[in-house]
Amino acid sequence: PHRRAISPTASRAGVEQARLLADQWACLIARIINDLRALGHVSHEQLAAELNRHGIPTLRDGTWHRTTVQNLLTRYAEL
């Protein structure tokens, strides 16, 4: 099947929208992570386990791992 051509402007707009959504998600989850840290869950592994235990999915509806927590916190720190 042929792929539909996407204009560079539309492509940039889509990338920007995805970045904005990821940034907003990072802000939301970072607040939850701060609450979990206050309860004594400090390692990335502990935080991933608690996010999964509470049924909080990743941005793409996946499960949390040490690296996904680390990546989210890195994104949040760069905002």
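Here is a quick tour of the helices in this structure and how they pack, based on a predicted model.

Let's start with helix 1, which covers residues 8-38. With 31 residues at 1.5 Å a residue, helix 1 should span 45 Å, and its end C-alpha atoms are indeed 45 Å apart, so the two values agree. Just after helix 1 you'll find Gly-40, which takes a positive phi of about 105°.

Which residues of helix 1 are buried? They are Ala-22, Asp-23, Ala-26, Ile-29, Ala-30, Ile-33 and Leu-36. Their cover includes helix 2 and helix 3.

Now for those two covering helices. The axes of helix 2 and helix 3 cross at roughly 100° and come within 8 Å. Because of that angle, helix 2 counts as roughly perpendicular to helix 3. Sorted by type, the residues of this contact are five nonpolar, two polar and two charged. Here is who meets whom:

| Helix | Residues in the contact |
|---|---|
| Helix 2 (44-53) | His-44, Glu-45, Leu-47, Ala-48, Leu-51 |
| Helix 3 (66-78) | Arg-66, Val-69, Gln-70, Leu-73 |

Finally, look inside. The largest nonpolar core has twelve residues, including Ile-56, Trp-64 and Leu-72. Helix 1, helix 2 and helix 3 each supply at least two residues of this core, and helix 1 gives the largest share, with four residues. Leu-72 is a handy spot to zoom in on: leaving aside its neighbours within four places in sequence, Leu-72 is in contact with Trp-25, Ala-26, Ile-29, Ala-30, Ile-33 and Trp-64.

Key. Residues are numbered from 1 along each chain as its sequence is written. This is a predicted model: local features need pLDDT of at least 70, side-chain atom pairs count only at pLDDT 80 or more; totals for chains, interfaces and linings use all residues. Side-chain values use heavy atoms; hydrogens and water are left out. The expected span of a helix is 1.5 Å times one less than its number of residues. Buried means under 20% relative accessible area, exposed over 50%, partly exposed in between (1.4 Å probe, protein chains only). Contact means heavy atoms within 4.5 Å. Axes are lines fitted to C-alpha atoms, for helices over the stretch in contact, and angles run from 0 to 180 degrees between N-to-C directions. Angles under 35 degrees count as roughly parallel, over 145 as roughly antiparallel, 65 to 115 as roughly perpendicular and the rest as oblique. Ala, Val, Leu, Ile, Met, Phe, Trp, Tyr, Cys and Pro count as nonpolar, Asp, Glu, Lys and Arg as charged, and the others, Gly among them, as polar. A nonpolar core is a set of buried Ala, Val, Leu, Ile, Met, Phe, Trp, Tyr and Cys residues joined through side-chain atoms within 4.5 Å.
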